[in-house]
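Here are some comments for a colleague at the bench, to be read alongside the coordinates. Please keep the structure open while going through them.

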Amino acid sequence: FQYFDLYGGCSFNSYLEIYDIMNDTSTLLENVSGPFQKRIIRTKGNEMKIFRIPARCSSWYGYQSAEFNATYWTHSCDPFMYNANCSEPCGCVQNNTERCNSTTAECICKSGWFGTYCDQDVNECLQSKYSVGLCPDYSNCLNLPGSYECKCKEGLMMSLNNTCIINNDLSTICNTRNCSHVCVSVFNNQTASSIEQCYCPVGMELDRDQCIDCRSFKFGPDCQWDCDCEPTKTKLCDPVTGECDCWKNWTGSYCSEDVNECNMQTYSCQPHSHCVNSYGGYQCICTGKDGYLTDENGTCYHLDCTYELNNGTGDILSPQFANYYINNANCSWNITVGMKQVISLWFPHFYTETDNSCQSDYMEVFDGIDESSRLIGLYCGSGVPNVIRTSGNHMYVVFRSDEKSYYTGKIIGTYKSHECHSFTYGIQSCENSCQCVKENTDLCINTNGECVCKPGWMSRDCSMDVNECQGINKQICPPNSECINTIGSYICKCYLGFVQDFANQSCYESKECIIKQCSHSCHVLRPGVEECLCPKGMELDAVTGLVCYVPLYPYGTNNGDLLLEDTSFQLGFKNISRPIYLTSGAPFGEFIKTSVHVSSNGAFGFGDGTFNYGFFSNIHISIKEESIIAPYMTNINPESGSVFYHLYDNWGEKFADAKFKQDSPKMNQVVARSVNDIKEYYKLNDFEVDFVFITTWENVQPLLLPSIIKETNTFQAVYICGWEVQNGELGKRLGTSFFSIHMDT
């Protein structure tokens, strides 16, 4: 390869696979990926195959800068030759070498040899210390050039199954020694006598005639090798293998590595303490940063930081001062000084964890004996005023910290008691007079002179009466009553015909009339003279003078309405209007509709193509499936009465050129009423109208009404679309319908 640059940077990068093909068998020579150093890749035979594997990034395949440049050539290559054309001999000792790499000249040694040129003998007998089982019991290991031999001890011979047994030609069974394992009687030519010899298996040593396990951290044949285990940290050295069985808290091949019980979660500590690893063990330390200390019995207990202070001066310090304050703190200081005294508190140093709502680590100061008293302030971070002062001789201070994080903060506070007359203020003392109107003021803050007004008063000095009946408080009185402002307060007066229920703070309908049967409330003007009255938003029937009803929205040609028969086309037995375009769109179900159509048979539908679906043919079925509104809930006779409709496009009047625009002399009246209706029925604080679409079917009859019955009805559908207003900003968009039906004859 002269150049190699395959795409990287993916979960699976591009690379090459190069195979050596010999006798229909493929051997992977190398996976090649960039960056690639220049070198030769060579087969052993006469066939090479190269595969390029594409990069895969997530779920797509592709290349980028995917290129390489390589040259190949053919030549002969004899064994133990190397370089570009196999023209130089390798330096390996050939008898000791499996093969020589023909590109790098690396010598791959045969078993029993090592070294750069495979010229160094491996002493397997020395290695046997780490390769137990090389030779059987009752034998010795003899190193040979490139190999080794297991030779049984004197008087024994190697069996066919590679074990040492008694050689009956050279020895006999012992007569005098009582060996625990193997005993042979061997004839000694020099002494011309037989010598009895006891032998022990691997991992044991001879003690008189008995074989016992290796002692003194020895192991192996005749216990001749020293264990590498750390003696003081090892429970047992295996006498056969030399493996180390560590004491608890130690690990590693030689039991020299400390076990970190804290990381391995193998420790056992009492609640509110944490594990600290030590050499060969661990300690459980009470978590001081969490406010826990250790008593004389070693038990963790929480720091008590509840203080009762009665001196005229004193200090307030964060828990465990001068260290940083602890987690999980719940400290309190209850300060009581002499009568007719107040308490002033300063903080030369105040530094806690900061968050927007002061809910993590914070201090609260109360004007009294406990947390039920008036809260003077909640403080965190470094935001404390120059001075904090009570109105009387008690102050209650609370400091709390959470357990989320350790914060490097401290608090240093100091207090003193002194006189401070009512309606005076100042930083060091109360030398200034407050400017509040006393009879209208609950409290003058004695540090800055701020006036806290009584209910019903406002302004900097509490001199201005609050008109509770205006603004956001105009709904302060119950329904069917009016709010009357008074100096410093207000009263609720029920409307004529309603009686005030002071216990439930409501106005209920008067039923004191005897002669008239009013639908709602009734008022007796004088004996024998009675008057029916209606709740707000309803009107009294002019014919009977007894029944209250919700009036229809204004309609008719005098109000700018369009008459359906003048603007429609015939579809079957019905008249349907041309599309009426909605400038701001109408939310209906999950969609925004941009137009509406009116039908003479008692419905109107949203969508440019709704009249083509045929839903107007049967109201009962279609109302379940289509974008229609049908207040009468049945088909009406399209030949009876009249149909008026009107789009009051409040949004289009303000912000856009409406495609469908009508003369709307009652715009303000309709918009105002729709706002009131929405607020009343949906209990909203405020509402801004986009548009109001009103359809009125006047003096109409049901389609299947017998001809002998002449009853007619006038009914109206009002669709209101706009926005809920919250804190002066537009919130959720709403679209809703109101229906009214009037019995005409």
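The numbered points below take up a surface patch, a hairpin and a loop residue in turn.

1. Before anything else, please bear in mind that this is a predicted model, and that the values given in the following points are computed from it.

2. On the surface, Leu29, Met48 and Ile50 together make a nonpolar patch of about 240 Å². Of these residues, Met48 is placed in strand β4, which covers residues 48-53. Met48 has a relative accessible area of 36%, and because buried means under 20% and exposed means over 50%, Met48 is classed as partly exposed.

3. Further along the chain, strand β59 (residues 580-588) and strand β60 (residues 591-599) run antiparallel and are joined by five bridges. The two strands form a hairpin with two residues between them, and in the turn Gly589 has a positive phi of about 65°. Phe588 stands opposite Phe591, the latter belonging to β60.

4. Which residues are in contact with Tyr406, once its neighbours within four places in sequence are left aside? They are Thr287, Lys289, Asp290 and Asn327. Tyr406 itself is found in the loop between β40 (394-400) and β41 (410-418). Although Tyr406 and Lys289 are 117 residues apart along the chain, their C-alpha atoms are separated by 7.1 Å.

5. Is Tyr406 buried, exposed or partly exposed? Its relative accessibility is 46%, so Tyr406 counts as partly exposed, and this loop residue has the contacts with Thr287, Lys289, Asp290 and Asn327 listed above.

Conventions
Residues numbered from 1 in each chain as written. Predicted model: local features only at pLDDT ≥ 70, side-chain atom pairs only at ≥ 80, totals over all residues. Heavy atoms only, no water. Patch = residues over 30% accessible without salt bridge, like charges linked within 9 Å, V, L, I, M, F, W, Y side chains within 5 Å. Areas by Shrake-Rupley, 256 points an atom, 1.4 Å probe, with all protein chains shown as cover. Salt bridge = Lys/Arg side-chain N within 4 Å of Asp/Glu carboxyl O. Helix = DSSP H or I, 4+ residues; strand = E, 2+ residues; numbered from the N terminus. Buried < 20%, exposed > 50% of the residue type's maximum accessible area, 1.4 Å probe, protein only. Pairing = 2+ DSSP bridges. Contact = heavy atoms within 4.5 Å.
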